[in-house]
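Hi everyone, thanks for making room for me today. I'd like to walk you through one model, so please have a look at the sequence and the structure on the screen.

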Amino acid sequence: MGRDDTERKTPAPSKRFEAKDAEKSESFMNCISADTTIREVMRQLDRSKIKLCVVTSVTGAVVRTVTDGDLRRALLAGANLDVSISSLPAKDPITFLQGTPSGKLLDAMRTHSINAVVIVDPEGVPVDVVARR
């Protein structure tokens, strides 16, 4: 159920990833609100093993994800560290329902050149993050 409809033109990595290469997060993902500042997101990413923050709505559903690359691009474009991440360009998250086979998760990571995907329940609330090892 990947929600990202845009295909990136980045070539797939040459390494073949298999189901054993997927790793569930050791601790629950970093869930943040859209009013969190870039500075605070940078702090959270710095402390996190998986370099991904999940932005959630007031109902708890996934709105988007934020990576260090998103923040780097924003800063290079002139963003201030004290503005909220709601000022970042919109980006549809790539999410999958609980129970999705790990092979499908890894295929999506390879296709979209990303290192982690968010696992959600039927209401779109994040329950885990699965990352490449």
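What is the strand order in the open sheet of 3 strands, and what kind of pairing does that sheet have? Before I answer, please keep in mind that this is a predicted model. The order is S2-S3-S4, and the pairing is mixed. Strand S2, residues 30-32, and strand S4, residues 62-67, are at the edges with a single partner strand each, so each of them has one side without a neighbour in the sheet. From one strand to the next, the twist averages 30°.

Let me go into the pairing of S2 with S3. Strand S3 covers residues 52-56, runs parallel to S2, and is joined to S2 by 3 bridges. If you want a place to click, Asn30 stands opposite Cys53 in S3. Packed on this sheet is helix H1, residues 38-47, which touches S2, S3 and S4. The direction of H1 makes about 135° with that of S3.

Now a step back to the whole chain. There are 3 helices and 7 strands in the protein chain, and along the sequence they follow the pattern β-β-α-β-β-α-β-α-β-β. Of the 133 residues, 43% are buried. For those of you who like contact maps: take the contacts with a separation of 6 or more, and 60% of them are between residues 24 or more positions apart.

Next, the inside. In soluble globular proteins, nonpolar side chains tend to be buried together. Here, the largest nonpolar core has 11 residues, namely Ile32, Ile38, Val41, Leu45, Cys53, Val55, Val66, Leu71, Ala74, Ile85 and Leu88. H1, S3 and helix H2, which is residues 68-76, each supply at least two residues of this core. The largest share, 3 residues, comes from H1. Apart from this core lies another one, of 10 residues, including Ile94, Phe96, Leu105 and Val117.

Two residues of the largest core are worth zooming in on. One is Ile38, which has its place in helix H1. Is Ile38 buried or exposed? With 0% relative accessibility, Ile38 counts as buried, because the cut-off for buried is under 20%. Leaving out residues up to four places away in sequence, Ile38 touches Leu71, Ala74, Leu75, Ala79, Asn80, Leu81, Val83, Ile85 and Leu88. There is also a pair to look at here: Ile38 and Val66 are 28 residues apart in sequence, with 9.8 Å between their C-alpha atoms.

The other one is Leu45. Not counting its neighbours within four places in sequence, Leu45 is in contact with Lys51, Leu52, Cys53, Val66, Thr67, Asp68 and Leu71.

That takes us to the two helices. Two packed helices are described by the angle between their axes and the distance between the axes. For H1 and H2, the axes come within 10 Å and cross at roughly 145°, and the crossing is left-handed. Which residues make the contact? On the H1 side they are Ile38, Val41, Met42 and Leu45, and on the H2 side Asp68, Leu71, Ala74 and Leu75. By type, the contact of H1 with H2 has 7 nonpolar residues, no polar ones and 1 charged.

Staying with H2, its buried residues are Gly69, Asp70, Leu71 and Ala74, and what covers them includes H1 and S4. After H2 comes Gly78, with a positive phi near 105°.

Now please scroll towards the later part of the chain. Strand S5, residues 95-97, runs parallel to S6, and 3 bridges join the two. Thr95 has Val118 in S6 as its bridge partner. Why is strand S6, residues 116-120, described as largely enclosed by the rest of the structure? Because 5 of its 5 residues are buried. Both faces are covered, with Ala116, Val118 and Val120 buried on one side and Val117 and Ile119 on the other.

Last stop, helix H3, residues 102-111. Its buried residues are Leu105, Leu106, Ala108, Met109 and Arg110. H3 is followed by Ser113, whose phi is positive as well, near 50°.

That's my tour, and I'm happy to rotate the view for anyone who would like another look.

Methods. Residues numbered from 1 in each chain as written. Predicted model: local features only at pLDDT ≥ 70, side-chain atom pairs only at ≥ 80, totals over all residues. Heavy atoms only, no water. Pairing = 2+ DSSP bridges. Helix = DSSP H or I, 4+ residues; strand = E, 2+ residues; numbered from the N terminus. Axes fitted to C-alpha atoms, helices over the stretch in contact; angles between N-to-C directions. Contact = heavy atoms within 4.5 Å. Core = buried A, V, L, I, M, F, W, Y, C linked by side-chain atoms within 4.5 Å. Buried < 20%, exposed > 50% of the residue type's maximum accessible area, 1.4 Å probe, protein only. Left-handed = near helix turned anticlockwise from the far one by under 90°. Nonpolar A, V, L, I, M, F, W, Y, C, P; charged D, E, K, R; others polar.
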